[in-house]
Amino acid sequence: QQLPGVNFVFYYGTSFFKNSGITDSFLISVATNVVNVGMTVPGIWGVERFGRRKLLLIGAIGMCVCEFIVAIAGVTVSTSNHAGQKVLIAFVCIYIAFFASTWGPIAWVVIGEIYPLNVRAKGMSLAAASNWLWNFGIGYATPYLVDDQPGDANLGAKVFFIWGATCFCCIIFTYFCIPETHGLSLEQIDILYQHSTPRTSDKLRKKLLEEDVHASNARQLEGLEGKDLHSETHSHADEKV
């Protein structure tokens, strides 16, 4: 959640926009915060309508595209080009909108669901600690990445190439590591982890909901699989007859 670099915009947005040639840099930073707050509402609504995995994938793809556009615009467009600066501002706001409606709130939803009961407290504590650790790391390192003082990297807008690359990693991570848990109880999520992979989780999730499978009757899952095989066998036999 931290590695896409969203807190770079909130912590150093005013300085970044000012160095990019934008005169009303403070007002732009206020605008990005307004977008962040406002777009959290669609995220709260969408997480129960569209699910976790799908929104995280959409959000990561959207942020990745926006950040590469911001990086390219920042490198190729001069600070005196007002149209180019408006493009930069627009895509920063769109990037914030994607984050606020997906990775901002949904990351916390996911970590609240995926841990088994016996390790949930420790797991969520470690997740929160990791979140703040990376927050600190990004906040500490960013001035050295973007400033032009002696010893600094002086990346400026090029830093968005880094954030874009981390967003691309978020796409891969979501696709291979995050299952769809929408609508499941905590015990059903345990069953989901035991009998599927993240890429096949949505199919099993629908079956768990349709058949109302729980830990107390988890053998139903094997019965369902056997039932499917049994029904297929009979259907083939009927076709032969």
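Reader: Is E113 buried or exposed?
Author: Buried. This is a predicted model, and in it E113 has 13% relative accessibility. That falls under the 20% cut-off, so E113 counts as buried.

Reader: Ok, and where does E113 sit, and what is it in contact with?
Author: E113 belongs to helix 6. Leaving aside its neighbours within four places in sequence, E113 contacts R52, R120, T181, L186 and I189.

Reader: R52 is in helix 4, right? Which residues of helix 4 and helix 6 meet?
Author: Yes, R52 is in helix 4. From helix 4 you get R52, L55, L56, G59, A60 and M63, and they meet W103, I106, V109, V110 and E113 of helix 6. By type, the residues of this contact divide into eight nonpolar, one polar and two charged.

Reader: What's the geometry there? I'd want numbers for the axes of helix 4 and helix 6.
Author: A packed pair of helices is described by the angle between the axes and the distance between them. For helix 4 (residues 52-76) and helix 6 (residues 103-113), the axes come within 10 Å and cross at roughly 145°. The crossing of helix 4 and helix 6 is left-handed.

Reader: Switching to helix 3. Which residues are buried there?
Author: In helix 3, residues 40-50, the buried ones are G43, G46 and V47. Looking down the axis of helix 3, they fall within an arc of 110°, so they line one face of the helix.

Reader: Why would residues with that kind of spacing point the same way?
Author: An α-helix has 3.6 residues a turn, so residues three or four places apart point the same way.

Reader: And what do the buried residues of helix 3 pack against?
Author: They pack against helix 4, helix 5 (82-101) and helix 6. On the other side of helix 3, V41, I44, W45 and R49 are exposed.

Reader: What about the phi of G51, just after helix 3?
Author: G51 has a positive phi there, about 95°.

Reader: Which residue has a positive phi although it is not a glycine?
Author: N154, with a phi of about 55°. Most residues other than glycine have a negative phi. N154 lies in the loop between helix 7 (120-146) and helix 8 (159-177). With a relative accessible area of 45%, N154 is partly exposed.

Reader: Cysteines next. How many disulfides does a search of the whole structure find?
Author: Zero. Take C64, which is in no disulfide: the nearest cysteine sulfur, that of C167, is 5.9 Å away. A disulfide needs the sulfur atoms within 2.5 Å.

Reader: C64 and C93: buried or exposed?
Author: C64 is buried, with a relative accessible area of 8%. C93 counts as buried too, at 17% relative accessibility.

Reader: Back to I189, one of the contacts of E113. Which residues are buried in helix 9?
Author: Helix 9 covers residues 186-195, and Q188, I189, I191 and L192 are buried in it. They cover an arc of only 160° around the axis, which puts them on the same side of helix 9.

Reader: Last one, S201. Where is it, and what is it in contact with?
Author: S201 is in helix 10, residues 201-211. Its relative accessibility is 0%, so S201 counts as buried. Setting aside neighbours within four places in sequence, S201 is in contact with P179, E180, L192 and S196. L192 is one of the buried residues of helix 9.

Methods:
Residues are numbered from 1 along each chain as its sequence is written. This is a predicted model: local features need pLDDT of at least 70, side-chain atom pairs count only at pLDDT 80 or more; totals for chains, interfaces and linings use all residues. Side-chain values use heavy atoms; hydrogens and water are left out. Helices (H or I, at least four residues) and strands (E, at least two) are DSSP runs, numbered from the N terminus. Buried means under 20% relative accessible area, exposed over 50%, partly exposed in between (1.4 Å probe, protein chains only). Contact means heavy atoms within 4.5 Å. The arc is that of the directions from the helix axis to the C-beta atoms. Axes are lines fitted to C-alpha atoms, for helices over the stretch in contact, and angles run from 0 to 180 degrees between N-to-C directions. A crossing is left-handed if the near helix is turned anticlockwise from the far one by less than a right angle, and right-handed if clockwise. Ala, Val, Leu, Ile, Met, Phe, Trp, Tyr, Cys and Pro count as nonpolar, Asp, Glu, Lys and Arg as charged, and the others, Gly among them, as polar.
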